[in-house]
Amino acid sequence: MRDFLTPPGYEGARWSARKLLNVYLSRWEEGRGRTKLRSYPFKLTVEATGACNLRCPACFTGVGDVGRPGSAMPLDLYRRVLAELGDYLFELEFYNWGEPLLAKNIYTMIAEASARGISTTVSTNFSFPFDAERAERLVGSGLTVLGVSIDGARQESYEQYRVGGKLDRVLANCRLVADAKRRLGSKWPRLVWEFHVFAHNVADVELAKTMASELDMELAVNKGWTVGAEWNPESEYRFFWYPSPPTRCRFLWQHAVVNNDGGVAPCCGTFFREDDVGHLAVHPGDLGAASFREVWNGPKFQAARGFYRARTGTDETRQLICFDCPLTKVWEKWQRHQEAGGTLAGFDPGYSTNECFNYFWNRRPTRAASATPHAS
């Protein structure tokens, strides 16, 4: 009961009775496996832009896959989503598979969410031209957390994953933001050096701690996932997340993802438009749903939630990415384990974090070269 009543711990978010009641309703509906929801998500990811300037090898955008157009989310679409969901949100993330600070409207988008008391987060590679004016705009937008992906403390190690990135430029841009915070007397955004550890950069961790301290940044060190086999499963470093019961997929009840073209994804792991569970009209009058709730309670979302009751369905619903998702399978395995008298201590999910990543990585649709984004 204590966990049920504890408000979400998103820093900088303002509470309201409506937000809290929505959280409790969402948790209640998730706990009962409801498929048609009265609640709204209380965390949202919006893809500010699908474009990126780097070529990271374990990123769909980085390797040149085309999931949807690489354009920025239209401000009108963003504002319609925010108008519908803003009163219920505790956190809004402005990133997924693109580089959010390349979106021309990103400062406006952040500021409008911040004005609603929503905690805001950006994760950036920060390896592009930036200046003091833009740093002040970013700080002035009210951004809560700025995570900077810096996977190495030396150029030769950093660039092995952040292909095309310039470490000196990234660090200079971090200084610009830190300086802007001091000039404006702002505690926000909290600056986080996001260090994904691989075999090629593990020796840089201690140096990165010193460098982060000098930049007034926190250092968050997590094990990086890899395409194929996990690097050194015995490593002391841990992934930021591990598949384990007894939780259903939070994305289907609590956390939504809206892409730059209006496509609504079932989770942040999906990339291709073919795996969307619905589509919002980009402009009023366009093909697509007029409201987020129409998609949130649409047939594909309801079918995906239904897999947590029984992983069955029609030939069409079995094609949903959620049907064979490791999280769905782990939940099914957990139910059988419990029915047989098993305990949590004796349960083996059967999937590692790296294997979960590879499920999404290996799921590429067959597509005609001239295919265009759907609007269904």
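**Exercise 1. Cysteines**

Decide whether Cys-249 counts as buried or exposed in this predicted model, and then find how many disulfides the structure holds.

*Solution.* Begin with the accessibility of Cys-249, whose relative value is 11%. Since buried means under 20% relative accessible area, Cys-249 therefore counts as buried. Next, turn to the sulfur atoms, keeping in mind that a disulfide is a covalent bond between the sulfur atoms of two cysteines, and that the pair must lie within 2.5 Å to be counted here. The closest cysteine sulfur to that of Cys-249 belongs to Cys-267 and lies 6.0 Å away, which is too far for a bond. Cys-268 is likewise in no disulfide, with the sulfur of Cys-267 as its nearest cysteine sulfur at 5.6 Å. Cys-268 has a relative accessible area of 33% and is partly exposed. By the distance rule, the final count is zero disulfides.

**Exercise 2. Packing of two helices**

Work out how helix H3 (residues 75-85) is oriented against helix H4 (residues 106-114), and which residues of H3 and H4 meet.

*Solution.* First take the geometry: H3 and H4 pack at an angle of about 15 degrees, and their axes are 11 Å apart. Because angles under 35 degrees count as roughly parallel, H3 and H4 are described as roughly parallel to each other. The handedness comes next, and H3 passes H4 in a right-handed crossing. Finally, list the contact residues, where H3 contributes Leu-75, Tyr-78, Arg-79 and Leu-82, while H4 contributes Thr-108, Met-109, Glu-112 and Ala-113. Sorted by class, this contact of H3 with H4 comprises five nonpolar residues, one polar residue and two charged residues.

**Exercise 3. Backbone features in loops**

Identify the form of the peptide bond from Trp-188 to Pro-189, and state where Asp-216 and Asn-232 lie.

*Solution.* Start with the peptide bond from Trp-188 to Pro-189, for which omega is near -5 degrees and the form is cis. Pro-189 itself sits in the loop that runs between helix H7 (167-184) and strand E5 (190-197). Move on to Asp-216, which is not a glycine and yet has a positive phi of about 60 degrees; Asp-216 is placed in the loop between helix H8 (205-214) and strand E6 (218-223). Asn-232, also not a glycine, has a positive phi of about 40 degrees, and its loop is the one between E6 and strand E7 (255-258). To complete the description, Asn-232 has a relative accessibility of 40% and so counts as partly exposed.

Definitions and conventions: Residues numbered from 1 in each chain as written. Predicted model: local features only at pLDDT ≥ 70, side-chain atom pairs only at ≥ 80, totals over all residues. Heavy atoms only, no water. Axes fitted to C-alpha atoms, helices over the stretch in contact; angles between N-to-C directions. Helix = DSSP H or I, 4+ residues; strand = E, 2+ residues; numbered from the N terminus. Parallel < 35°, antiparallel > 145°, perpendicular 65-115°, else oblique. Left-handed = near helix turned anticlockwise from the far one by under 90°. Contact = heavy atoms within 4.5 Å. Nonpolar A, V, L, I, M, F, W, Y, C, P; charged D, E, K, R; others polar. Buried < 20%, exposed > 50% of the residue type's maximum accessible area, 1.4 Å probe, protein only.
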